[in-house]
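Here are a few exercises to work through with the model open beside you. Try each one before reading its solution.

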Amino acid sequence: MIKYMVIGDPISHSRSPGMQNAAFEACGLGSPYGRRHVTPEELPEFVKFARKELAGVNLTVPHKAAVIPLIDRVDPEAAAAGSVNTLVIENGKIFGTSTDGYGLEHALLANFHRPVRGAAFCFIGAGGAAHATAFHLAGCGARAIRLANRTIGKAEELADRLRQRNPELLVETAGIGDTEQLARWFADTDFLIQATSLGLRPDDPAPFPLELLHSGLPLSIFDTIYRETPLLKRAGELSLPCAGGMDMLIYQGAKSFEIWTGRPAPIEAMRRGFLEAQPC
Ligand code: ATR
């Protein structure tokens with residue numbers, strides 16, 4: 001019986017059912033995880049259904065912020081970020097949290113073996129992905145978070161919210177076209193996080209001029225997009241440490257699984273399930 005599901009608009013591309021059912025199966029818990037296409041207009045009705053019929057939900061674009069006023073309790077970090085990707089439903093009460101930041105943190109640890117505590121981050125992009133993850137990295141003890149975005153106002157809005165919650169944190173903003181500032185930041189940044197939606201389509205350009213990258217920079221480069229982007233290709237050519245978004249998806253799913261079941265997530269089973277999952 002389906003007790004968990006991922007919802008989004010669109011949703012057919014989601015590999016979460018394959019990944020989560022691999023985890024449930026590895027623990028002898030059957031295949032209780034489905035998917036449903038839910039439009040923004042349908043979200044309130046879906047939440048009513050979930051309250052009665054489900055034990056857990058994952059939310060993807062465009063529901064991560066819109067669900068917040070519809071549920072009973074929200075984790076403070078997810079509330080500050082304005083982003084919820086995991087619902088836990090018990091006795092008709094719905095609790096919302098976000099595992100995206102955990103997913104990014106653990107993807108960085110798994111790929112680069114460098115600590116997040118004390119590290120400086122430069123985000124390219126200040127939309128949904130940056131909101132969902134930056135508060136978690138700040139909470140892990142990041143030294144600095146720098147935000148470069150095409151629309152500077154959106155970077156400033158996120159920066160203000162980060163500063164409010166983390167008064168000790170250095171938070172800086174720039175327009176994505178301010179190449180001098182980007183070059184200065186890159187020389188003093190541990191992790192470059194590509195968090196724009198550029199790269200989703202095969203012919204997308206890089207979000208900033210790739211000439212700003214050169215070997216010898218202290219950067220580990222993480223692209224939240226799950227495919228080889230021009231940024232990752234260039235980073236590879238320069239032998240800069242780099243990774244794409246797959247592990248972030250796997251670890252955010254692993255954390256959701258652990259919250260729902262109270263069991264350690266079988267990461268390798270989830271990775272296999274993720275890789276074998278056919279978007280439909
Ligand atoms: P999502 O919820 O899918 O993350 P979003 O919140 O609109 O979508 O965020 C998309 C991010 O990619 C934003 O940082 C966006 O920049 P703007 O805030 O200026 O819109 C960035 N982005 C999208 N297309 C871009 C482009 N062609 N060049 C630079 N940045 C782009």
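**Exercise 1.** Work out the handedness of the crossing of α9 and α10, and how the two helices are oriented to each other.

*Solution.* The crossing of α9 and α10 is right-handed (the near helix is turned clockwise from the far one by less than a right angle; anticlockwise would be left-handed). Next, the angle: α9 and α10 (residues 267-276) pack at about 125°, with axes 10 Å apart. Axes here are lines fitted to C-alpha atoms over the stretch in contact, and angles run from 0 to 180 degrees between N-to-C directions. The pair is therefore oblique, the label left over once under 35 degrees is roughly parallel, over 145 roughly antiparallel and 65 to 115 roughly perpendicular. Finally, the contact (heavy atoms within 4.5 Å) involves residues including Met-246, Ile-250 and Phe-257 of α9, and Ile-267, Met-270 and Phe-274 of α10.

A quick note on the source: this is a predicted model, where local features need pLDDT of at least 70 and side-chain atom pairs count only at pLDDT 80 or more, while totals for chains, interfaces and linings use all residues. Residues are numbered from 1 along each chain as its sequence is written, and side-chain values use heavy atoms, leaving out hydrogens and water.

**Exercise 2.** Check the length of α4 (residues 100-112) against its expected span, then find what its buried residues pack against.

*Solution.* Helices are DSSP runs (H or I, at least four residues), as are strands (E, at least two), numbered from the N terminus. The expected span is 1.5 Å times one less than the number of residues, so the 13 residues of α4 should cover 18 Å, and the end C-alpha atoms are indeed 18 Å apart. Among the buried residues of α4 are Tyr-102, Leu-108 and Phe-112; buried means under 20% relative accessible area, exposed over 50%, and partly exposed in between (1.4 Å probe, protein chains only). The buried set packs against β7, α5, β10, β11, β12 and α9. Right after α4 comes His-113, with a positive phi near 55°.

**Exercise 3.** Decide whether Thr-224 is buried or exposed, and list its contacts.

*Solution.* Start with the location: Thr-224 sits in the loop between β11 (220-223) and α8 (230-237). Its relative accessible area is 18%, so Thr-224 is buried. Not counting residues up to four places away in sequence, Thr-224 touches Ile-193, Gln-194, Ala-195, Thr-196, Gly-245 and Met-248. With Gln-194, a polar atom of the Thr-224 side chain lies 2.9 Å from the backbone oxygen.

How values were computed:
Polar contact = N/O pair within 3.5 Å; in protein donor to acceptor, adjacent residues only side chain to side chain.
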